[in-house]
Amino acid sequence: MSILVFLEHHGNELQKGSLSVLSKAASLGAGDVYGVVAGSGVRELASGAGKYGASKVFVADDPALEAPLPQPRVDVIATLVREQSIDTVLLAQSVLAADVAAGLSARLDAGLNWELVDIEEQDGKLVGTRPALADSVYVQVGWKGEPCIGIFRSGTFDPKETGGEAEVVDTPVQLEDFSTAATMIEQAHEEQQGPSIEDADVIVAGGRGLGGPENFTLVEELAKALGGAVAATRAVVDAGWYPYATQVGQTGKTVSPKLYVACGISGAIQHKVGMQSSSVIVAINKDPNAPIFEYSDLGVVGDVHEVVPKLTELVKQRKRSAS
Amino acid sequence: MKIAVCVKHVPEAASRRIDPSTKRLDRSGEGALNAFDANALEEALRLKDASGEGEVVAVSMGPQKASDTLRKALAMGADRAVLVSDESAAGSDLVATSYALGKALAREEPDLVLLGQQASDSDGAVLWAAIAERLRRPMISQVAELTASDGKVRGKRQTEFGYDVIEAPLPAVVAVSDAINEPRYPSLKGIMGAKKKPQETLSLDDLGVESERAGEAGSKTEVLGLTDPPARGDSRRIEDDGNAAEQIAEFLAEKRLI
Ligand SMILES: Cc1cc2nc3c(=O)[nH]c(=O)nc-3n(C[C@H](O)[C@H](O)[C@H](O)COP(=O)(O)OP(=O)(O)OC[C@H]3O[C@@H](n4cnc5c(N)ncnc54)[C@H](O)[C@@H]3O)c2cc1C
Ligand SMILES: Cc1cc2nc3c(=O)[nH]c(=O)nc-3n(C[C@H](O)[C@H](O)[C@H](O)COP(=O)(O)OP(=O)(O)OC[C@H]3O[C@@H](n4cnc5c(N)ncnc54)[C@H](O)[C@@H]3O)c2cc1C
């Protein structure tokens, strides 16, 4: 088997998720494990993958790869797969990686399994495990033909240093016209403003069920009463109701407070991956079928406008009588 | 501008299950328009209204019943609908779906293809990238703000690092976020008018898709088995009958959180 892991970088760092997938691939002991780094001025980064288990790292270094856009990366990886007889391509979930993987799947007519939380070799073939339908069932999945492409769910593994060295090999960059047609006008950089929520013991999070940005005061007051921080879903951040710095989930922060109170949040998988390791999860949602109830310790079917202000009052009363 | 909007017919949340005998999603029950696709449709209708001309075509691949979803799209304001439906297409994965749907989209020659944020049954959030590849067009995903002018589209979208702004020349493929707009409800007039709008059903043959490239035969992924998820700890559920707040406070006190 020869496994190629897509090593995503941001600034001067290889991403933790990619390195985790790389260590997992190496731990299979199923053959050669390589990495690929694609960008501009990224050769320095490549050798860092050796200690996570890559024996070789292919580097596609070209100004056309400067912006983190998926389509030119499909060109790079498709060429590598053909020229290096790669039979498996593994990626860690991210906005970029998902688009690279799906483009590659169509380019090579190669099977893509997403949301993987585990993978093993059985009789010379790879078998993946993935949760589905709001994690209500676990599915064992396989691939027909080669190459096999897999995306691992965010935060599934931690990177493991095993202390090897990688040979760094330049790979030629030939791009399709349509792959370079989209251009980055303004590239994201971490927005520093806003409070840090990662260290909070208590988080009260608001979603679209609040009904409007003005109703975030409900969440803020409960957070204040509980001595906690306020968080938000992507839906309300994208809509401009609350700052990106407070977003929890796949493209936001990963938090694990002692208490997470979700108010008017449906509980999409992309939100869940950012808060599932909270010790106690309380959810208030008016839809009894909301996926958030599948992973709440206390699920309350009710209206946030009714329940949250009353709860805030009760918490304040208890604190007053305790002091 | 001619805009094709991809819409998926998905089973209702309450009845979603995988059929253990076929190991496929049970699509026999009630279904509806994938809610995320209403955002894509709304955006298409707004772009058309803003430019004062053009056509919005809703395109779906799925069982015959997906025509209900397309009728909803027509009621919202799409001008025309195309359904790709064929027994041999059942069980298509990303490779097979993007191939057949790609053929149906290519036939329309749209300036812009719009997709929703994700299909609520499979949560893939990937199809756009495969469609863009099949059509050999530039693509922007996760778009929370979209503008179109001078033969170009520009999208603002969130990644793990904040917001990007990306531009692409038309023809292009764009997938939108669920916060890009507030989809309209179909008006009574829209619902009545939907019946008279052109709705076409295409077989794989009509699209020139060989049966070995569709359905399970054309799929490159397979489901080998199903197991129960790891057990979770105790979980309590209450309905608010006026004293839910008290019960939450009790629960928090019990857990020594207040
Ligand atoms: C690549 C990618 C990355 C993503 N990353 C993230 C991420 O980092 N974080 C994230 O959160 N999401 C992320 N998402 C989006 C995610 O899929 C969901 O769309 C999003 O989490 C939904 O936010 P929400 O729960 O606020 O809104 P909705 O899904 O609209 O849910 C609102 C909920 O409020 C309930 N409600 C309505 N009114 C009331 C009321 N009066 N009282 C009580 N309940 C009420 C409704 O029943 C509903 O369940 C990502 C998606 C993709 C494709
Ligand atoms: C539980 C489950 C898990 C699955 N896992 C995999 C997997 O790991 N790998 C795999 O290859 N296949 C998988 N499938 C099959 C997959 O649903 C189909 O291949 C699908 O049509 C393509 O992607 P998607 O549904 O994930 O769409 P997404 O990428 O989530 O959808 C994005 C957008 O594409 C459009 N769209 C999606 N489907 C259609 C359609 N049929 N017609 C018109 N527009 C559409 C909509 O605009 C939608 O908002 C899975 C299906 C289920 C039910």
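**Figure 1. A119(B) meets ligand 2 through its backbone, with a backbone N or O atom 2.8 Å from an oxygen atom of the ligand.** Keep in mind that this is a predicted model. D37(B) also goes for an oxygen atom of ligand 2, this time with a polar side-chain atom at 2.5 Å. From the other chain comes R130(A): an N or O atom in its side chain sits 2.7 Å from a nitrogen atom of the ligand. Altogether 32 residues are found around ligand 2, and those that come nearest are L112(A), R130(A), C6(B), D37(B) and S122(B). The surroundings are made up of residues from chains A and B, so this is a site that the chains share.

**Figure 2. Ligand 1 has 30 residues around it.** The ones that come nearest are T233(A), V248(A), S266(A), N285(A) and D178(B). V248(A) uses its backbone here, placing a polar atom 2.8 Å from a nitrogen atom of ligand 1. G209(A) does it with the backbone too: one of its polar backbone atoms is 3.4 Å from a nitrogen atom of the ligand. Q247(A) brings in its side chain, where an N or O atom lies 2.8 Å from an oxygen atom of ligand 1. Who owns this site, then: one chain or both? Chains A and B both supply residues around ligand 1, so the site is shared between them.

**Figure 3. Chain A and chain B meet over about 7300 Å² of buried area.** Carbon and sulfur atoms account for 57% of that area. In residue terms, 86 residues of chain A touch 81 residues of chain B. The tally of salt bridges across the interface is 6. For a close-up of a salt bridge between the chains, take E176(A) and R136(B), whose side chains come together with N and O 2.7 Å apart. Polar contacts join 44 residue pairs between the two chains, counting pairs with both residues at pLDDT 80 or more. On the chain B side, elements giving two or more residues include helix 3 (94–108), helix 4 (127–135), strand 9 (139–149), strand 10 (152–159) and helix 8 (244–254). Helix 8 of chain B makes the largest contribution to that side, with 9 residues. Sorted by class, the chain B side comes out as 36 nonpolar, 28 charged and 17 polar residues.

**Figure 4. A strand from each chain joins up here, as strand 13 (residues 183–186) of chain A pairs with strand 11 of chain B.** The two run antiparallel, and 3 bridges hold the pairing. To find your way around, look for M184(A), which faces I166(B) in strand 11 of chain B.

**Figure 5. Inside chain A, strand 4 (residues 32–39) and strand 5 (residues 56–61) lie parallel, with 6 bridges between them.** V36(A) has F58(A) in strand 5 as its bridge partner. Strand 5 of chain A also pairs with strand 12 of chain A, again parallel and by 4 bridges. F58(A) turns up in this pairing as well, with V169(A) in strand 12 as its bridge partner.

**Figure 6. R43(A) and D170(A) make a salt bridge, with the closest N and O atoms 2.9 Å apart.** What does this pair tie together? R43(A) belongs to helix 2 (residues 43–46) of chain A and D170(A) to strand 12 (residues 167–170), so the salt bridge links parts that are 127 residues apart in sequence. The total over all chains is 34 salt bridges.

**Figure 7. Three spots of backbone geometry are worth zooming in on, starting with the cis peptide bond from E146(A) to P147(A).** Omega there is near -5 degrees. P147(A) sits in the loop that runs between strand 10 (137–143) and strand 11 (148–152) of chain A. Chain B has a cis bond too, from L170(B) to P171(B), with omega near 0 degrees. P171(B) is likewise a loop residue, placed between strand 11 and strand 12 (172–176) of chain B. The remaining spot is E115(A), a residue other than glycine with a positive phi, near 65 degrees. E115(A) is found in strand 7 (residues 112–116) of chain A. These spots catch the eye because most peptide bonds are trans and most residues other than glycine have a negative phi.

Conventions. Residues are numbered from 1 along each chain as its sequence is written. Chains are lettered from A and ligands numbered from 1 in the order in which they are written. This is a predicted model: local features need pLDDT of at least 70, side-chain atom pairs count only at pLDDT 80 or more; totals for chains, interfaces and linings use all residues. Side-chain values use heavy atoms; hydrogens and water are left out. Contact means heavy atoms within 4.5 Å. Buried area is the accessible area (1.4 Å probe) that two parts lose on being put together, summed over both. A salt bridge is a side-chain nitrogen of Lys or Arg within 4 Å of a carboxyl oxygen of Asp or Glu. A polar contact is a pair of N or O atoms within 3.5 Å; within protein, one must be able to donate a hydrogen and the other to accept it, and residues adjacent in sequence count only if both atoms are side-chain atoms. Ala, Val, Leu, Ile, Met, Phe, Trp, Tyr, Cys and Pro count as nonpolar, Asp, Glu, Lys and Arg as charged, and the others, Gly among them, as polar. Two strands pair if DSSP finds at least two bridges between them. A residue is near a molecule or strand if one of its heavy atoms lies within 4 Å of it.
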